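Here are my notes for you, written as numbered points. Have the model open while you read, and follow along residue by residue.

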Amino acid sequence: QVAAFAVAGEVRAVDAAFGLRLETLYNSNFRALPENPDPAVRSLLGPELRLSDRDGKLAYQVSYNGSYSVYFEPWQKDLNAWEQSVRALATYQLSRRTRVTLRDSFHDQVAIRFNAIEQDDLTDTLDAGRSPFHRNSFGMTLEHYFSPRISGSLSIENDWVNFERNLNQSD
């Protein structure tokens, strides 16, 4: 299924920004165990891109964030993964008192799950594993100002999460 949305008029990028994000996180008890806490260090590195124009009849903002997660502990190397998100917001002024706003965000993320594994000595240990999932959120709002103090709006929202690959995943 293909959907198309077109607005007549000039669209120009007034604000454009590109950056590189580097973030390091430390967790003193990564597996959340009361005994034998296991620390972890995670670094995120990735590009950021933002385009926006907030003036005129059509105002929009689009952003992309990508990051590669790197875990430094040896048992966590299989958890390294690429994650990304795209966000878009557009508002079109239909008249002086009426506007429509569209919102959409897409996330390609990795959730970390811990599974109990029975060892040879019959003790349980936790084994970490990656569980990628996709999430898309869409919203549309029609807003009308009846007077400077009274307005009304109608909103539609949809949230979709890909659980087919991860039936036991929660978000």
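1. A quick word on confidence before anything else: pLDDT is the predictor's confidence in each residue, on a scale from 0 to 100. For this protein the mean pLDDT is 76, with 66% of the residues reaching 70 or more. This is a predicted model, so local features need pLDDT of at least 70 and side-chain atom pairs count only at pLDDT 80 or more, while totals for chains, interfaces and linings use all residues. Residues are numbered from 1 along each chain as its sequence is written, and side-chain values use heavy atoms, with hydrogens and water left out.

2. What does the secondary structure come to? Zero helices and seven strands, giving the pattern β-β-β-β-β-β-β along the sequence. Both kinds of element are DSSP runs numbered from the N terminus: helices are H or I with at least four residues, strands are E with at least two.

3. Confidence varies along the chain. Strand E5 (residues 98–118) has the lowest mean pLDDT among the elements, 78, and E7 has the highest, 94. Go carefully with residues 1–8, where pLDDT stays under 50. The model has three contacts beyond four places in sequence for that stretch, a contact meaning heavy atoms within 4.5 Å.

4. Now some totals. Of the 171 residues, 26% count as buried; buried means under 20% relative accessible area, exposed means over 50%, and partly exposed is in between (1.4 Å probe, protein chains only). About 12,000 Å² of the protein is exposed, and carbon and sulfur atoms supply 54% of that. These areas come from the Shrake-Rupley method with a 1.4 Å probe; for residues, only the protein chains shown count as cover. Of the contacts with a separation of 6 or more, 49% are between residues 24 or more positions apart.

5. Next, follow the pairing (two strands pair if DSSP finds at least two bridges between them). Strand E1 (residues 15–27) runs antiparallel to E2, joined by 13 bridges, and Phe18 stands opposite Leu49 in E2. E2 (residues 40–53) then pairs with E3 (residues 58–71), antiparallel again, over ten bridges. Here Leu51 is opposite Val62 and Arg50 has Ser63 as its bridge partner. E2 and E3 form a hairpin with four residues between them, and Gly56 in the turn has a positive phi of about 90°. Going on, E3 and E4 (residues 81–93) are antiparallel and joined by twelve bridges, with Ser69 opposite Ala81.

6. Pause at Ser63, in strand E3. Is Ser63 buried or exposed? Ser63 counts as buried because its relative accessibility is 17%. Leaving aside residues up to four places away in sequence, Ser63 touches Leu49, Arg50, Ser85, Val86 and Arg87. One thing to keep in mind when you look along any strand: in a regular strand the side chains alternate between the two faces of the sheet.

7. Finish with Asp159, in strand E7 (residues 151–161). Asp159 is partly exposed, since its relative accessible area is 43%. Which residues does Asp159 touch, not counting those up to four places away in sequence? They are Arg135, Asn136 and Ser137. Arg135 is 24 residues from Asp159 in sequence and 7.4 Å away, C-alpha to C-alpha. The side chains of Asp159 and Arg135 make a polar contact of 2.3 Å, and another polar contact, of 2.5 Å, joins the side chains of Asp159 and Ser137. A polar contact is a pair of N or O atoms within 3.5 Å; within protein, one must be able to donate a hydrogen and the other to accept it, and residues adjacent in sequence count only if both atoms are side-chain atoms.
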